[in-house]
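Welcome! Please work through a few short exercises on a protein model, and try each task before you read its solution.

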Amino acid sequence: MIELSHVTKLYGTVIGVNDMTLALPPGAYGLLGPNGSGKSTLLNLLTGQLLPTIGRVRVFGESPRNNTALFHRLGYCPGSEGLYANVSGYDWVHYLCRLQGMTSSAATTAAQEALVIVGMSESMHRPIASYSRGMRQRVKLAQAIAHNPDFLILDEPFNGLDPIGRHEMGELLKRWIGQGKSLLLASHLLYEVEAVTDSFLLISGGRLLASGTAVEVHALLVDVPNEITLRTSDPRRLASLILEHEITDSLRIDHDQLVISTRHPAKLYENLPAWLAETGITVGEMHSADESLQALFNSLLKIHRGELA
Amino acid sequence: MNPSSVLAVFLFEWRRAFTLARMGWWMVLALFPALIVSMIRFALRGETMPHEPWIVMLFTLIPMLVSMLGTFLWATPVVSAELERKSWVYLAVRPHGTINVLIGKYLVALTWALSAALVGLCAAMVIIPHDSMRIGGVIARITLLSCPAYAALYLLLGTLFPKRSMVIAVAYTLVFELIISFIPAIINTLTVQYRIRTLLFIWSDMEINAEMNALLAFLGEPPAWEHVVVLIAYTLTLLVAAIGVVRAREFSSTEEGEG
Amino acid sequence: MPIHDLGYRGWHEQLASPWTRWVVIARAGIRRAWQSTWLKRMMFFAWLPAIWFAAGFLIWEQSLLEPDMRDALQVFLPDSPAFEGLTERVNIDDEVVARHSVWSWLLYAFLRYPQGGIMVLMVGIIAPPLISQDVRSRAFLLYFSRPLARWQYALGKLATVWFYLLTISAAPALVLYFLGVLLSPSADVVFDTWDLPLRIVAASAVLMIPTASLALSMSSLTQESRYAGFAWFAVWILGWFTYAVMIGVEIEQRRNSLASEIYEKWAPVSLYHTLGQVQGWVFGFATFEQIKYPAATLAAITVFSTIILFRRISAPLRA
């Protein structure tokens, strides 16, 4: 579905995407990266808005630049708002459907159906200026799905949505994937992507750090230390115990918090209850970032920065 | 180009044009010629002014000023307004997006400016104390040529310089259309102003002399149809160039999103 | 807790003086505007006319030593009937009076013609997005959730435009004046022309204050900077056109009337000519009686524009 071959995009001397090579079959993917990591640049390359400075971009085997046939198969919801304040959500989606090549009556049906799907059936005829941020986000999604594309590209679609809206958006996207359609969902928040798909691409500084499922990426990190944080009554005493048993590679104490970095988390979990019983130290809170994709992401970034071997 | 999509853009943009501010500007441009003509008649205090100064006055007001300002307001920011609003990307990822949007908005600019100019002409004709029909016919014909040409010119400038399109268009108009068009050299034949001015002299049977317009003598007074053909070709060339620029340029940037 | 404390509720140190807070807005505006490549280009071209006028100073001062050169000075002198007396004053024997007249004319012409035109384009670049962007992005709510008054915000925005207008009006004119001093045979000319730097500052203020207020009031009236840009240029173009037409008609019809009276009569319809008339008074080329209507027009523009600006800035707070 997507093929990138040594793609680099430069804005003058600033690099947006850096020598990215990638081949993705049809499916649902999360594109994860911090702000400024090159997500939007990559999406602009995939939708043909930008031309790569070096390399080749292919979507469904074709160059996306000014590609009329390909645009029939793509649905794009950009991160920016970009709506007309004085028209209704329906008029706007209808207008974009007309630019998709639909007749007026087909565009009417498509716009109405899409707006109903995103939960805007009651507000579709109100001017966009009167919409909340969440409603605007829904209308943006409606214009992307109205022409029933094969491949949906979404840039930060959860922005501005309340918890219920996020859940509904997540469910909607799962249904989309369930229909066998493809999706690329860009976000800087892991939990948003996790809720929709477990296949993801991690990018930072315009470079692709990793791709695959959570399990596959985790396999890359077997030898990478995990970070565990404990909030305790006596962090110094607990630190000395951990050092004595050679469980940790490094640690630091921050007020009542002890943050350890270890390649042997199981050994820590095994010994900790006994130590606490023996010494009377209390632990009020313990958590490991490794329990979510966040740990993988942090570790990959550290590898990328050369902070970890 | 898809006529159905062009029509969709045209209708959508016209609906959006019915705001108080835009209609206010339309009224200002449509009534300005009548206001100036009224002021002149008031200043004359019953005295008469020859036929020719009135024709030149109407020419300066309608095919020049109102056409230029009307098309300047609508055609220049076709791309820059969408970029400023960050709505360009929605149009650019459509199969019938960029080109049809450009042409549709061009037609809106054209009809908007042309309607203001022709209404302005009719209002001014009522006040002018001369044979209205003949003067009006000449000015209307020239306006029908000048509006499309200026709209295409500003459309191209807007696509070439989307960040400062208004200022560039004003500077271009001052330098090329109002200064260079009066230089008796090959370069002035590239301006819309030269062509429509020449047509005014030919169609209104005004006497051409070196003092009045040295440029006409310089060109050997080509026939009117030649100027008309050149203006139409000029308009089409500018439109094609604007389409080419829109297809070739990268208007999106990382500003579009956060990542 | 008052709502306006929300933006800085963690801040317990001393706040900056209310009289200097506008500087923050102005600095941000100046920096933001300077990112425009077109503005940088225009700034370069805005200083080029100073070279031409510096040649005028050089020719005048050298003509005092070589009277034959006086003919060359005619290039810089106006042929407008509104300045009929100037050529005579240039040719009188009193060097002090003649120098003052010529220097005044050169500085006035510099501010009036090239810089006046460049000012229209430069404000057309800077001012339209200055407030309209804040209206569109609802940035007022961010600004006014901090200890910032409306007048400080407005002053900061006005100062942004003033700064750039200063760099193309007073700054090059003052440089031109000092260049004139350097090109003259003796430093004594400073005693003959000491008032000119003050007149430059006053003429620049005449240029800056109404134009910046007008441009920013237009910017505050719209969310789309293109409308503010169009309104700005339309005011100048339509005004100029009306003035030129009416002057042409009246001069043709009333050959017996004084041309200067006709110019004065129609100046208020054109902002450009209104500014020119008042600047002419600043440099001593007109009496206050002659410019009372143009001066009143500029004052009215400034007051009404400022009122509109304040009302628009206050609108989100009233809502």
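The exercises below go from confidence to a sheet, a helix and two chain contacts.

This is a predicted model, in which local features need pLDDT of at least 70 and side-chain atom pairs count only at pLDDT 80 or more, while totals for chains, interfaces and linings use all residues. Residues are numbered from 1 along each chain as its sequence is written, and chains are lettered from A and ligands numbered from 1 in the order in which they are written.

**Exercise 1. Find where confidence is lowest and highest in chain C.**

Step 1. Start with the score: pLDDT is the predictor's confidence in each residue, from 0 to 100. The model as a whole has an ipTM of 0.87 and a pTM of 0.82.

Step 2. For chain C the average pLDDT is 85, with 86% of the residues scoring at least 70.

Step 3. Now go element by element; helices (H or I, at least four residues) and strands (E, at least two) are DSSP runs, numbered from the N terminus. The lowest mean, 59, belongs to helix α5 (residues 84-90) of chain C, and the highest, 95, to helix α13 (residues 196-220) of chain C.

Step 4. Try chain A too: its mean pLDDT is 85, and 91% of its residues reach 70 or more. Here helix α11 (residues 293-305) of chain A is lowest at 66, and helix α3 (residues 89-99) of chain A is highest at 95.

**Exercise 2. Work out the strand order of the open sheet in chain A and say which strands stand at its edges.**

Step 1. Two strands pair if DSSP finds at least two bridges between them. Following the pairs gives six strands in the order β5-β6-β7-β3-β8-β9 (chain A), with mixed pairing.

Step 2. β5 (74-77) and β9 of chain A are the edges: each has a single partner strand, so one side of each lacks a neighbour in the sheet.

Step 3. Look at a parallel pair: β6 (residues 151-155) and β7 (residues 182-187) of chain A share five bridges, and F151(A) stands opposite S182(A).

Step 4. Compare an antiparallel pair: six bridges join β8 (residues 199-204) to β9 (residues 207-213) of chain A, with S204(A) opposite R207(A). β8(A) and β9(A) form a hairpin with two residues between them, and G205(A) in the turn has a positive phi of about 60°.

**Exercise 3. Check the length of α13(C) and decide whether it is largely enclosed or not.**

Step 1. The expected span of a helix is 1.5 Å times one less than its number of residues. For the 25 residues of α13(C) this gives 36 Å, and the end C-alpha atoms are 36 Å apart, which agrees.

Step 2. A residue is buried if 20 or more other C-beta atoms lie within 10 Å of its own, C-beta atoms being placed from the backbone. Since 20 of the 25 residues of α13(C) are buried, this helix is largely enclosed by the rest of the structure.

**Exercise 4. Describe the two contacts that chain B makes, with chain A and with chain C.**

Step 1. Two residues are in contact if their C-beta atoms, placed from the backbone, lie within 7 Å. With chain A, 27 residues of chain B touch 40 residues of chain A. On that side of chain B, α1 (3-17) and α5 (88-92) each supply at least two residues.

Step 2. With chain C, the contact takes 21 residues from chain B and 22 from chain C. α2(B) gives the most to this side of chain B, with seven residues.

Note on methods
Buried ≥ 20, exposed ≤ 12 C-beta atoms within 10 Å, placed from the backbone.
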